[in-house]
Structures are given as structure tokens and as C-alpha cells.
Amino acid sequence: MSTTHCDPSPQCGAVLYCGEACLQTDWKRCPDDVSHQFWCPRLAAFMERAGELATLPFTYTAEVTSETFNKEAFLASRGLTRGYWMQLSMLISGPGTPRHPRGSMPSLSLLLRGDPYQLLQGDGPALMPPVPPDPPRGLFGSWQDYYTWRGLSFDSPMAVLLTYPLTVYYVITHLVPQSFPELNIQNKQSLKIHVVEAGKEFDLVMVFWELLVLLPHVALELQFVGDGLPPESDQQHFTLQRDGPEVPVRSGSGVSARLNSGTKEKGGRRDLHIKVSARPYHLLQGPKPDLVIGYNSGFGLKDTWLSLLPRLQSLRVPAFFTESSEYGCVMDDQTMAVATGGGTSPPQPNPFRSPFRLRAADNCMPWYCNAFIFHLVYKPPQGGAARPAPGPAPPAPTPAAPPAPARRRRGEKKPGRGSRRRS
Ligand SMILES: [Zn+2]
């Protein structure tokens, strides 16, 4: 057997090994719960969802969800080689690809010039159709419904970028009402959302403009927070607006995006206010948000989560996170338990996940950007008989303690998180 050729574990088919000896070493790794013997059946269960995750309505689904999907070739063949598409190419790059250097990021003021969708263009005709004249009648729970209403062709790859705003939309319209009905989020006229440990999604910030189209009745404030954000963007804030009740049809889209130089917007309806705090979350001052979102989080991969999670627990704010795999969700649950004594809700597939399958060097697990969503389950307050507010989990059986001792395996690479976007 060649040393460069790897075969998957015969039972789970998830982890790649360069040979029998390599597999045997991993099989018996200590302690037990990092061994492949422990993980193999669990990974096999994750692998069983590959078909479900690859069920998407696009014409190119078979190509982009295959194990051998070549993202660069796909993007190039469609002329998607500039603006956000170029960034995307680097965004979800495989292991070993150099990290996108911050210095080459288009400056915020450049991003804000003109059409919000200009960075979503390829070389061909406009990719985003005009905004439909009427607001959505119902709530979208699938790409199928959203694409149909938005006038997007099922051949359009926009879902790859729109996964970010659509995930926020899905959390607001489906998951918060389901898990935190007492918040009555559907009736709120304004929402403050913190996007924590923000990074790459901030590089695509204009895609969040789509939230104005989807939730035209809500004044939204998105605050991107994290020490991974470009320092020069710290404390910047700007407003994206739809001009007037009707949105014009051309690519200009009737949006005005401008740097807000401190003048407070009055009557913020229809606006999307974007704020940036390039600092760790626990150092953030200001009012409590209505909602916290984190993309492809990886709690175990960065130390700042160990201060962030307790901070969220003390705020007791609904906090939703995406992961690219169920494996990531299990690790996040363990980190949450260690950091706060709480846990996480069972992850569910995100209907607005990115259709592009991510590839890793050491495994064939079905990973997708924003594949699964869960929310934090906070430990009940000390000595408090009352249910934590907001407390999604019924108090009867305590789901907080994971069956295995919740040990955090920092730096533990198996079964491979190499292609995750955080590093
Ligand atoms: Zn296996």
C-alpha cells in the first residue's frame, strides 16, 4: 500500500487511515473516549446522515455534495472568481491552504459603496434577482421555498453565501419560537443580535442585507464581536437601508449603504444596523442582546469560548450556534459542560446549510458550513427553584450532564477537524 493513499475505517467509513497499523494505534488510543473504538460507532451514525444532508433542491446538488467535490473548479466554471466568491474560495478552503490574509480584505468603505449585491456577482449577468414587490406571506423553512419566492433559479449557487443570513432568519422565525416561546420574538419590532466569535462571516457582511428583504418589519441590529475581527474595524458601525416602501427593480436595489458617522438613526425600521467590536466577548459593554448567534463555532478550538460561554450563561440570553458536523456538536456540548455546568440542545440539521460539502484530508464525514444548529442549555441558577428564564429544557430529566465524563479534549485532533474554518 502506498503511504500517500488512505482508506477509511472499514466499520464507520468516516476516518481515513494510511494503513492497518495506523488504524490499530488509533483504535486503542488512551483514554478510551478519544480512541477510535469509542468513536467508530458514533461516527458511523453521523455518516448515516450523509444522504439527508445531501438532500437539497439544486441542479448542482449531486456535484457539490459528492466526496470528491472540487470547489475551485465549480466556481471557476461558473465565472465566480471575484468579490465574495473569491473570498469564499478561501473561506472554506481545505487544510494546508494558507489563511486568507486580512490585509487584502476590501475595506469596509469599499464594501459599502453602492449595490449591496455587487460583491455577490460573478462575471456573468446579475446573480440576485430584483427583490419581490410583496413581502413574504409565510415563513420559509427550506431553500426550495425561499428560492421560489426570491425568483432564484435552482441552478443558482447563491445559497453558498446566503446560508449566513438565512440561518439567522431561520433561528428568528423557527427555532427561537420553538425553544423560547416566552420571548414572543415574532412580535418584536426590533432585535439586537450579537454574532459572537465573528470572523469569516464578517468578511461577507453585505450578504446580511438579505435580512432586510426577509424581515422587512423588523429593525435589526447585528453586532459582530470577536478578537478575530480586523482591529481597524473596531467600533465601526453603519446602517443598511431600504429606501422607501417599494424596492426598485434594478441591481441598485434601492439600498443605501453608508457609514454612519455617529448621527443616531431615528425610526430605525427597515434598517439593518451593523456594529463591529473587535474584542473578546467578555470585554464587551452595552445592553443585553435579544439573541446570540455563532457560526461554525468549535468551542473546543479557541480559549476565548471559556470566558464567552460563562458570560452567556450569566446573561441567560438565547444563544444558537452552527457546526459543520455532528461531531463538532458533541465536542461543543462537552466544552459547554466544562465551562458552565450547562449543556447544549440536541443538534438538528439546518435547512439553510451551505450546499458545498467540505473536504478534509483525514476523514470523509459529511461536513457542510452551518450544517447543524443547537442552542445553549444553561445550568439553573444556584438555589433557584424557579425555572431559568429563558429555560428551554423541561426540568425533569437533567440533560445537562453528558453520559461520559465531560472532559475537554483540547488539541485533540481525532477524528480530524482539519478543514474546519477556525484554526
Ligand atoms: Zn471507524
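## Strands around β3

Strands β3 and β8 pair in the parallel sense, with 3 bridges between them; two strands count as paired if DSSP finds at least two bridges between them. Strands here are DSSP runs of E with at least two residues, helices are runs of H or I with at least four, and both are numbered from the N terminus. In the β3–β8 pairing, Val195 has Ile293 of β8 as its bridge partner.

On to the next pairing: β3 (residues 190–195) also runs parallel to β4, and 6 bridges join them. Here Leu191 stands opposite Leu220 in β4.

## What you're looking at

A quick word on the model itself: it is predicted, so local features need pLDDT of at least 70 and side-chain atom pairs count only at pLDDT 80 or more, while totals for chains, interfaces and linings use all residues. Residues are numbered from 1 along each chain as its sequence is written.

## A bent helix, α9

Helix α9 covers residues 159–179, and its end C-alpha atoms are only 26 Å apart. A straight helix of 21 residues would span 30 Å at 1.5 Å a residue (the expected span is 1.5 Å times one less than the number of residues). There's also a kink of about 40 degrees in α9, centred on Val171; the bend at a residue is the angle between axes fitted to the seven residues ending there and the seven starting there.

So where does α9 sit? It is largely enclosed by the rest of the structure, because 16 of its 21 residues are buried. Buried means that 20 or more other C-beta atoms lie within 10 Å of a residue's own; 12 or fewer makes it exposed, anything in between is partly exposed, and the C-beta atoms are placed from the backbone.

## The big nonpolar core

The largest nonpolar core has 101 residues, and those with the most contacts inside it are Leu43, Leu161, Val207, Phe208, Leu211 and Leu272. Helix α9 gives the most to this core, with 13 residues. The core also draws at least three residues from each of domain 1 (1–48) and domain 2 (60–377), with bounds from an automatic or database domain assignment.

For the record, a nonpolar core is a set of buried Ala, Val, Leu, Ile, Met, Phe, Trp, Tyr and Cys residues joined through C-beta atoms within 7 Å. In soluble globular proteins, nonpolar side chains tend to be buried together.

## The β4–β5 loop

Pro231 lies in the loop between β4 (219–225) and β5 (237–242). Pro231 counts as exposed because it has 9 C-beta neighbours inside 10 Å. Its C-alpha is 5.6 Å from that of Ala278, although the two are 47 residues apart in sequence.

Glu232 is in the loop between β4 and β5 too, and with 13 other C-beta atoms within 10 Å it is partly exposed. The C-alpha atoms of Glu232 and Val276 are separated by 9.9 Å, with their positions 44 residues apart along the chain.

## Backbone oddities in loops

Which peptide bond is cis? The one from Cys30 to Pro31, with omega near -10 degrees. Pro31 sits in the loop between α1 (20–27) and α2 (36–47).

Asn296 has phi near 45 degrees, a positive value in a residue other than glycine. Asn296 is in the loop between β8 (291–294) and α12 (305–315), and it counts as buried because it has 26 C-beta neighbours inside 10 Å. Arg316 has a positive phi as well, near 50 degrees. Arg316 is in the loop between α12 and β9 (319–323), and its 15 C-beta neighbours inside 10 Å make it partly exposed.
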